[in-house]
Each structure stands twice: as structure tokens, then as C-alpha cells.
Amino acid sequence: MKRNHVSAKPTAIRGAIFLLCLTFAVAGFAQDTATTLNHGVQVNNIDKSVQPGDDFFRYANGEWLKRTEIPPDRGGIGVFSALADTANKRTADLIEEDSKSNAPAGSNARKIADLYNSYMNEAAIEARGLAPIQPQLKKIAEIKDKRQLALALGGSLRADVDALNNTNFHTPNLFGMWVAPGFNDSEHYTGYLLQGGLQLPDREYYLSDSAHMKEVREKYVAHISAMLKLAGFSDTDARAAKILELEHSIAEKHISLAENDDIHKANNTWKQADFAKNAPGLDWAQYFRGAGLTNKGSFIVWQPTAFAGESALVASAPLETWKDWLAYHAIEFYAAVLPKAFADERFAFFGKTLQGTPQQRPRWQRGVQVVNNFLGDAVGEIYAQRYFSPKAKAEGQEMVANIIEAFRKRIDALTWMNPSTKAEAKAKLDTLYVGIGYPEKWRNYAGYEVKPDDLYGNVERASMFYYNYQMGRLGTAVDKKEWSMTPQTVNAVNLPLQNALNFPAAILMPPFFDPDAPAATNYGAIGSVIGHEISHTFDSEGAKFDSKGRLRNWWTPEDLKQFEESTGKLAAQYDTYKPFPDLSLNGKQTLAENIADVAGVAAAYDGYRASLKGQPAPVKDGFNGDEQFFIAYAQNWGSKTRDASLRQQVATDSHSPGEYRSATVRNIDAWYAAFDVKAGEKLYLAPQDRVRIW
Ligand SMILES: [Zn+2]
């Protein structure tokens with residue numbers, strides 16, 4: 001699953017989720033000033049001293065890698081930085097512009113202005129000190145028994161995870177909620193409950209014996225202590241040790257990211273009454289009361305064993321430890337909007353230690369991110385009007401149509417697939433909704449109150465507004481055309497339960513998509529992204545959802561067996577890649593994305609050949625059409641990542657690092673012909689070893 005095109009870690013709350021994209025946080029890649037955009041492949045990024053068949057990533061991006069430094073406030077940087085910068089600059093400009101306007105009270109424009117200005121007014125934030133968070137800490141301190149604890153744990157539930165669309169399995173709250181079309185009723189919204197409770201990105205951070213992870217844990221416990229001290233707690237070292245111990249116990253109950261992919265294991269409908277029976281320990285009636293869900297009948301529980309384990313821990317671990325855990329998690333959640341010392345301490349651990357990033361982003365950039373988080377559609381509406389032309393929309397639609405057609409032909413040509421499976425695959429293409437640029441409906445922010453100079457309150461209300469919005473949808477009819485990304489996001493997504501794709505305006509820009517570039521580079525760059533998203537419709541998870549978005553295996557057993565054989569080969573291929581001597585990629589964890597990459601390039605290549613209508617492709621910059629196509633593809637993934645950040649990506653991300661995404665061209669026959677790749681070169685695969693899926 002993990003359907004978004006690239007690495008995406010949404011932040012905790014989503015007005016419309018702010019996606020950090022294309023392998024790292026896009027909000028603030030620095031400009032790659034040495035690159036002036038060429039309408040076509042970026043010739044000055046190519047390192048001709050590298051043999052394409054040995055290392056296609058360094059061939060396509062080597063000169064860029066040599067001259068590019070990762071900016072001190074980033075975990076990494078990519079070739080597409082110019083594109084991300086443009087989108088962010090535009091977003092920042094329109095927020096700045098708006099923040100100076102005197103828009104009418106209650107309007108979206110006024111909300112954007114008040115939210116941004118409340119973030120930028122550091123003097124007011126410092127002057128308030130701890131006052132805004134005190135009521136919440138006091139409430140936690142007053143918890144007297146496990147019954148009241150259950151009520152408070154329920155009160156912390158938010159709609160902050162997403163299993164299949166933007167793929168975020170992480171919440172620091174005890175559990176997380178995702179509201180989406182139901183596995184068993186795709187016409188109505190259903191609540192999915194997911195495991196949670198950890199501040200560190202994944203259970204591996206608690207359980208792994210590696211020297212790196214041990215060091216992370218030592219620094220983490222010191223960080224917990226520092227945060228508690230800032231908030232006025234005493235005896236913070238001892239408290240921190242117990243909090244880490246509790247999170248370690250929670251981590252032991254969690255299932256792994258690779259296991260989260262198994263949808264059939266995730267499809268467990270529990271009525272409210274079942275929770276006490278299936279997962280005893282936590283007072284579930286109080287929990288649901290705290291969450292405001294008492295009258296909601298049932299939920300899908302993604303990881304039943306984790307629910308049983310975590311619930312038992314609520315009963316067995318001491319009340320005082322749970323209270324400290326709750327307080328610490330509340331402080332962490334609001335750290336960015338408390339006085340500077342909190343944000344700095346949080347960054348010192350989560351930015352510096354976990355990601356290796358030396359410097360925090362400038363405050364205004366973080367302010368833009370906050371506005372994008374909570375008022376994403378309000379900003380997006382202005383963004384789309386201003387920056388996405390009807391011409392760009394029409395051209396994007398045409399490319400999508402060509403690549404869908406290429407997929408249709410590929411399905412027809414498959415020799416191993418049964419006619420009944422082919423018919424359903426084509427039905428999925430027929431009912432696929434492809435959103436280009438921006439959504440058809442904008443989210444209504446009438447229920448979100450933004451007050452000038454009340455940053456903490458603005459964040460608290462945003463979090464509740466979004467939660468209430470999602471809870472209000474439970475049981476109501478699904479809007480299949482709803483978007484899950486904002487137009488200003490440089491990313492793309494496949495929504496399996498809606499059988500829909502979103503391509504936001506901000507990714508439909510140079511160098512991904514350039515109306516002045518040859519078709520070869522547009523198909524190689526954005527075309528393979530489009531192909532990648534379409535492929536998710538048919539990959540190991542897409543195979544489980546039919547043309548109506550129902551959870552139904554529409555493949556015959558023989559077809560599935562054949563599919564699993566070829567995809568198993570691909571998983572084994574990725575298992576061999578080692579970004580560090582002590583760390584390999586996990587071919588299973590990244591399988592769906594790797595399938596989508598191979599299939600995406602293959603279909604985009606067909607779409608590109610078809611777009612030539614029998615004419616030869618123009619030679620540009622000394623490269624023929626096929627060379628341009630593959631170089632443009634590999635240049636999508638040109639990137640540099642700090643070691644700590646790369647280790648985190650390998651441990652927690654369903655996407656392979658850019659270098660290995662580029663290398664997937666070794667599975668495509670046309671690449672061998674284009675670059676005259678021969679046996680003996682490092683990426684060479686004998687024809688029978690190339691993985692052909694579609
Ligand atoms: Zn994907």
C-alpha cells in the first residue's frame with residue numbers, strides 16, 4: 001500500500017494533511033542555484049565519467065551530487081528542489097500577502113492571517129510562558145484512578161493516522177483513528193483504529209540492538225527529562241526512565257510496518273462491547289466516552305494483538321507512570337507553539353539526533369507549514385486559482401489518458417492473466433477518478449475559530465476541529481472525488497478505497513512537467529509518476545480492492561500466484577541493496593512502491609512511444625528520445641540525504657531511497673538498448689532476471 005508517490009510523513013494534525021514529500025520535507029529545500037532549468041534533461045547534472053550500466057543514479061545525477069551541499073536546516077536535498085522551492089515560495093508569498101490584508105472577520109483569508117501572525121508573534125508566546133498548557137497538565141495531574149486515566153486517554157484520540165492513502169501508521173497517542181470508506185462497505189465512512197503510543201518513529205527504535213539505536217535511546221531519555229524539566233516537573237531523570245520503559249513495553253506489543261501491509265489481517269470489525277472482551281485492561285467505556293464516540297457502534301481494529309497488549313499495559317503499568325507519559329506527550333505535541341526553549345529542545349532531539357539536521361528552519365517557514373497544516377484547502381484554493389492554468393490542467397489530463405491507455409494495452413497483452421481478471425482490471429481503469437491540479441470541492445472552515453495572538457488555542461481548536469469533522473462523517477456516504485492532498489503539495493497519491501488518484505498543481509511544474517520540454521522528458525519525469533500511481537491500482541494491495549473500492553480479491557488464484565512470484569523476485573532484488581554496510585533495504589517493506597516504480601516507468605515509456613505517433617523523437621542536447629526518457633526518470637530521484645535521516649527512511653519508509661528507485665531501469669529492456677548496457681556491468685540483469693510485472 002503506502003500509496004503516495006514518495007516518502008510522506010504527515011504532521012500530527014491535518015486540516016488537509018501537510019505532506020512532506022519526495023523523500024524528505026519539501027517545505028524548504030534550498031534553491032539549487034547552480035542549476036538553471038533546461039527545457040529537457042538537466043544536462044549539467046549528468047556525470048559522463050560514470051558508465052550508465054554501472055550506476056545509473058550517478059550517471060544521471062553525478063555532477064549535481066558533486067556540487068550540491070545539504071543545507072544546514074535540512075535532512076536532505078533533491079534535484080527537484082527548485083520545484084519545491086517555487087511551490088513553497090508561492091505559498092509563503094500568498095500567506096504573507098494575506099497576513100497583511102485586513103480581510104473580514106470569519107473569512108478564510110482572515111483565518112490564514114490570524115493563524116500565521118499568531119505563530120510569528122514570538123514576543124506574545126514568550127510572555128505567556130507555560131500558561132497555555134497549564135490547564136491540561138493540571139487535568140492530568142488530577143487523575144485519581146485508572147478509570148479517569150481511561151477517560152483522559154480517550155480524550156487524546158485524534159484522526160491523525162492514515163493506513164492506505166497518505167500512509168502514516170504513527171501516532172504518539174495511545175491509539176489513532178483513520179476515517180475512510182469501509183473495507184466491508186465502501187459506500188460509507190468507517191472508523192479504523194490503529195496502534196500508537198510511541199514518540200520515536202517506529203518500534204525498531206525501542207527494540208533494535210544496533211549501536212545506532214542504543215545511542216538514540218540514550219539521547220531520547222535525556223530529551224524526555226529535559227522537556228519535563230522545562231515544564232516545571234521535579235525528579236525528571238527518574239520519570240523519564242519510566243516513560244521510556246513504558247514506551248518500550250508498548251513497542252513490544254506493536255506489529256511491524258511490513259506486517260501492517262496485510263489488509264486481510266487488518267480487517268477486524270469490533271463492536272464497542274467487543275473491546276473489553278478482546279482487549280481487556282483499559283476501561284473501554286470510559287475511553288470511548290472520552291473520545292466522544294459512545295454512540296458509534298463499531299470500528300475496524302487494524303492490529304488486534306497490539307490493542308490487546310496496549311490495553312493490558314494500561315492495567316498493569318503504574319498510574320503515576322501513565323500520568324507522566326500523558327503529560328510528556330502533551331508537552332511534545334504542543335512544543336512547537338510553546339516558548340522557544342521547548343521548540344529548540346524538541347528540534348535538538350527529533351531534528352539533530354534523529355535526522356542529523358544541524359539547524360532548524362527559519363520561523364517563517366515553520367509558520368507557513370502550520371498554516372498549510374490547519375488551513376490547507378483555504379490556502380490551496382487561492383494557490384490553484386493563481387498558479388494552475390486551464391492549459392496545464394488540459395495537458396495533464398491528456399498525459400494521464402495516454403498512460404491509462406498504455407496500461408489497458410499492457411493488460412490485454414499479458415499472457416499469464418485470466419480473462420476474468422483482465423476484465424476487472426479494465427473495469428478499475430474505467431471507474432478510476434483522476435483529479436488533476438485541485439479538488440472539485442473545498443473544505444469548509446466555518447467551524448474552526450482562529451483568534452489573533454492565541455497560537456496555542458488555535459492549534460488546540462484545529463486539532464479538535466479536524467477530529468470532529470472526521471467523527472461527524474462516520475456512517476455517512478463516501479465522496480469518491482474527495483482529495484487527500486492540497487494543491488500546493490509536491491506529491492501525488494492513489495486512494496485505493498475510492499479508486500482515485502490526485503495529482504496536485506504543485507507537482508505539475510518543471511522539471512517534472514514542462515510544456516516547453518520534449519515529450520520524452522515529460523513522460524520520463526511526471527509520466528512515470530503518473531504510471532506509478534496508476535500501478536498502485538493493480539499492485540499487491542490494489543489487487544484486493546475492486547472497481548467499486550470494495551475489499552474483494554478479484555484475482556484468480558493462479559493469477560495471484562504468478563503475480564506473487566514476479567513480485568517476490570523484485571523484493572529479493574531490493575533486499576540486496578545496502579545503503580550502509582550494516583543496513584540493507586527491506587524488500588518486503590518497500591515492495592508495493594518498488595512494483596509501482598517498475599510498472600510506472602514501463603507504462604510511461606509506452607505512453608511516450610505512443611505520443612510520437614510513429615515519428616522519430618527529436619534529438620536534444622545530443623540525446624535521442626529513449627535516452628532523454630530514462631535520464632529524466634533517474635533525475636526525478638537525484639537526492640542527497642544525511643546518514644541519520646537515511647537510516648530513519650530505511651527503517652520506517654515504504655519508499656526506497658532515490659538511488660535505488662533510479663536503478664529500477666535495469667528491469668526495462670528498452671533501457672539496455674538505449675545505453676548499450678552489457679553483461680558484466682553492475683546493474684546488468686540477464687533478460688530472464690528482469691522483473692516484468694505489467
Ligand atoms: Zn507509491
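This is a guided tour of a predicted model, going from its cores to its sheets and then to some of its helices.

**Stop 1: the cores**

Start with the largest nonpolar core, which has 179 residues. Select Phe56, Leu293, Trp322, Phe630, Trp671 and Trp694; these touch the most other members. Next, colour helix α24, residues 591-611. With ten residues, helix α24 gives the most to this core. Apart from the largest core lies another, of 17 residues. To find this second core, select Phe169, Tyr192, Trp302 and Leu497, which are among its members. As background, nonpolar side chains tend to be buried together in soluble globular proteins.

Now go back to Trp322 and show what surrounds its side chain. Which residues is Trp322 in contact with, leaving aside its neighbours within four places in sequence? They are Leu149, Leu174, Leu246, Ile250, Leu313, Val314 and Ala317.

**Stop 2: the four-stranded sheet**

Select β2, β3, β4 and β5. They form an open sheet in the order β2-β3-β5-β4, and the pairing is mixed. Look at β2 (175-181) and β4 (269-271): both stand at the edges with a single partner strand, so one side of each has no neighbour in the sheet. On average, direction ignored, neighbouring strands here are turned by 40° against each other.

Is β2 mostly covered or mostly open? Mostly covered: seven of its seven residues are buried.

The pairs can be viewed one by one. Between β2 and β3 there are seven bridges, in the antiparallel sense. Select Val179 and then Gly191, its bridge partner in β3. Move on to β3 (residues 189-195) and β5 (residues 298-301), which pair in the parallel sense over two bridges. Here Leu193 has Val301 in β5 as its bridge partner.

Then add helix α14, residues 304-316, which packs on this sheet. Helix α14 touches β2, β3, β4 and β5, and its direction makes about 60° with that of β3.

**Stop 3: the three-stranded sheet**

Select β6, β7 and β8. This open sheet has the order β6-β8-β7, again with mixed pairing. Its edge strands, β6 (433-437) and β7 (493-495), each pair on one side only. Neighbouring strands are turned by 15° against each other on average, direction ignored.

How many bridges join β6 to β8? There are five, and β6 runs parallel to β8 (residues 500-504). For a pair to label, pick Ile436 and Phe503: Ile436 stands opposite Phe503 in β8. Helix α19 packs on this sheet, where it touches β6 and β8. The direction of α19 makes about 145° with that of β6.

**Stop 4: two helix pairs**

Keep α19 (residues 390-413) and add α20 (residues 419-431). Their axes come within 10 Å and cross at roughly 175°. Angles over 145 degrees count as roughly antiparallel, so α19 is roughly antiparallel to α20. To see where they meet, show Ile404, Phe407, Arg408, Ile411 and Asp412 in α19 with Lys422, Ala425, Lys426, Leu429 and Asp430 in α20. The contact of α19 with α20 has five nonpolar and five charged residues, and no polar ones.

Now select α23 (residues 557-575) together with α24. These two pack at an angle of about 100°, with axes 10 Å apart. They are therefore roughly perpendicular to each other. From α23, the contact takes Phe563, Thr567, Leu570, Ala571 and Tyr574; from α24, Leu591, Asn594, Ile595 and Val598. By class, the contact of α23 with α24 has seven nonpolar, two polar and no charged residues.

**Stop 5: helix α1 and Asn522**

Go to helix α1, residues 56-67. Its buried residues are Phe56, Phe57, Tyr59, Ala60, Asn61, Gly62, Trp64 and Leu65. Show the elements they pack against: β1 (76-78), α25 (625-636), β9 (639-641), α27 (658-662) and α28 (669-675). Phe56 was also on the list of core residues that touch the most other members.

Finish with Asn522, in helix α22 (residues 519-536). Is Asn522 buried or exposed? Its relative accessible area is 8%. Buried means under 20%, so Asn522 is buried. Leaving aside its neighbours within four places in sequence, Asn522 is in contact with Met399, Phe512, Phe513, Asp514, Ala517 and Gly527.

Methods: Residues are numbered from 1 along each chain as its sequence is written. This is a predicted model: local features need pLDDT of at least 70, side-chain atom pairs count only at pLDDT 80 or more; totals for chains, interfaces and linings use all residues. Side-chain values use heavy atoms; hydrogens and water are left out. A nonpolar core is a set of buried Ala, Val, Leu, Ile, Met, Phe, Trp, Tyr and Cys residues joined through side-chain atoms within 4.5 Å. Buried means under 20% relative accessible area, exposed over 50%, partly exposed in between (1.4 Å probe, protein chains only). Contact means heavy atoms within 4.5 Å. Two strands pair if DSSP finds at least two bridges between them. Axes are lines fitted to C-alpha atoms, for helices over the stretch in contact, and angles run from 0 to 180 degrees between N-to-C directions. Angles under 35 degrees count as roughly parallel, over 145 as roughly antiparallel, 65 to 115 as roughly perpendicular and the rest as oblique. Ala, Val, Leu, Ile, Met, Phe, Trp, Tyr, Cys and Pro count as nonpolar, Asp, Glu, Lys and Arg as charged, and the others, Gly among them, as polar.
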